[in-house]
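Student: Please take a close look at the aromatic rings and at what surrounds them. I would like one connected account, with the cut-offs stated.

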Amino acid sequence: MRRELLALGIFMLTAATAVADTVPQATQDFIDKVAVANKFEIDTSQLELKYGKAADVKSFAQQMIDDHTKAGQDFKASLAEAKIEAPKDALDIAHTAKYAKLRVFTTENGFDAAYVDEQLSAHKDAVGLFKDYSANGPAGPVKSFAEKTLPTLEHHLAMVKELQGKMSGSSSATGASPGTSGNAK
């Protein structure tokens with residue numbers, strides 16, 4: 001009985017490795033980056049809702065949560081269709097550090113600007129990643145997901161650029177936005 005279970009375990013491990021080996025490296029890299037980026041967008045946007053002050057930035061954060069939650073569902077559906085196991089829902093070391101750094105900016109007047117800066121960087125990276133995979137990734141459900149999601153990410157990038165422009169133009173020294181309620185809790 002023990003030998004049979006051991007043999008079954010070795011077979012299952014070998015089969016799982018064989019399935020993982022069939023995913024092209026470019027696709028696996030894309031999948032890993034998308035999973036982390038999507039979680040980072042949602043997690044940092046939740047921080048903005050908790051600590052932010054500016055109504056327009058909080059509104060953007062809520063849209064990021066809504067849009068990226070839907071994108072995450074679409075992403076997992078495309079992986080299931082491609083018979084690829086979804087990666088675990090966790091940040092990598094670099095994004096964990098960025099998240100922790102953002103948490104430091106939970107001061108009364110600094111959080112909104114720090115959040116917008118992170119979103120700008122994250123969306124520039126995401127647009128580049130999705131453009132590249134849309135153009136060069138192998139045909140299939142994952143590439144279709146990338147092509148379908150790219151316009152939304154480009155829209156997010158335009159939105160965050162506009163927010164950053166407003167913030168740098170209207171609140172140079174304090175980072176405060178006029179007319180915000182200040183309810184950070």
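Tutor: The account below goes from the fold and its confidence to the ring pairs, then to the core and a few single residues.

This is a predicted model, in which local features need pLDDT of at least 70 and side-chain atom pairs count only at pLDDT 80 or more, while totals for chains, interfaces and linings use all residues. Residues are numbered from 1 along each chain as its sequence is written, and side-chain values use heavy atoms, with hydrogens and water left out.

The protein chain has six helices and zero strands, where helices (H or I, at least four residues) and strands (E, at least two) are DSSP runs numbered from the N terminus. Its mean pLDDT (the predictor's confidence in each residue, from 0 to 100) is 85, and 79% of the residues score at least 70. Among the elements, α3 has the highest mean pLDDT, at 97, and helix α1 (residues 2-21) the lowest, at 46. Two stretches stay under 50. Residues 5-20 are one of them, with one contact beyond four places in sequence, a contact being heavy atoms within 4.5 Å. Residues 172-185 are also under 50, but the model gives them 17 such contacts. Where pLDDT is low, the predicted coordinates should not be read in detail.

Now the rings. Rings of Phe, Tyr and Trp (its six-membered ring) pair if their centres lie within 6.5 Å; planes under 30 degrees apart are stacked, over 60 edge-to-face, and the rest tilted. This rule yields six aromatic pairs. In the pair of Y51 and F111, the centres are 5.9 Å apart and the planes stand at 50°, so the pair is tilted. Y51 belongs to helix α2 (residues 25-51) and F111 to helix α5 (residues 111-136), so this pair ties together parts that are 60 residues apart in sequence. Both Y51 and F111 are buried (under 20% relative accessible area; exposed is over 50%, partly exposed in between; 1.4 Å probe, protein chains only).

F75 and F145 make another tilted pair, with 5.4 Å from centre to centre and 45° between the planes. F75 sits in helix α3 (residues 55-81) and F145 in helix α6 (residues 141-170), 70 residues apart, so that the pair links distant parts of the chain. F75 and F145 are both buried. They also belong to a cluster that ring pairs build from F30, F75, F130, Y133 and F145.

The core brings some of these rings back. A nonpolar core is a set of buried Ala, Val, Leu, Ile, Met, Phe, Trp, Tyr and Cys residues joined through side-chain atoms within 4.5 Å. The largest one has 36 residues, of which F30, Y115 and F130 touch the most other members. Each of α2, α3, α5 and α6 supplies at least two residues of this core. Apart from its neighbours within four places in sequence, Y115 is in contact with T44, S45, E48, V57, F60, A61, M64 and L102.

Y133, a member of the ring cluster, is also touched by T27, as are I84, P138 and V142, not counting residues up to four places away in sequence. T27 lies in helix α2 and is buried, at a relative accessible area of 4%. D32, also placed in helix α2, is partly exposed at 34% relative accessibility. The C-alpha of D32 is 6.7 Å from that of P87, although 55 residues separate the two in sequence. In helix α5, G128 is partly exposed at 37% relative accessibility. Its C-alpha is 9.3 Å from that of L150, which is 22 residues away along the chain.

Helix α3, which carries F75, has 27 residues and spans 39 Å from first to last C-alpha, close to the 39 Å expected at 1.5 Å a residue; the expected span is 1.5 Å times one less than the number of residues. K83 follows α3 and lies in the loop between α3 and α4 (93-104). The phi of K83 is near 60°, a positive value in a residue other than glycine. K83 is exposed, with a relative accessible area of 70%.

For the chain as a whole, buried residues make up 38% of the 185 residues. Of the contacts with a separation of 6 or more, 78% join residues 24 or more positions apart.
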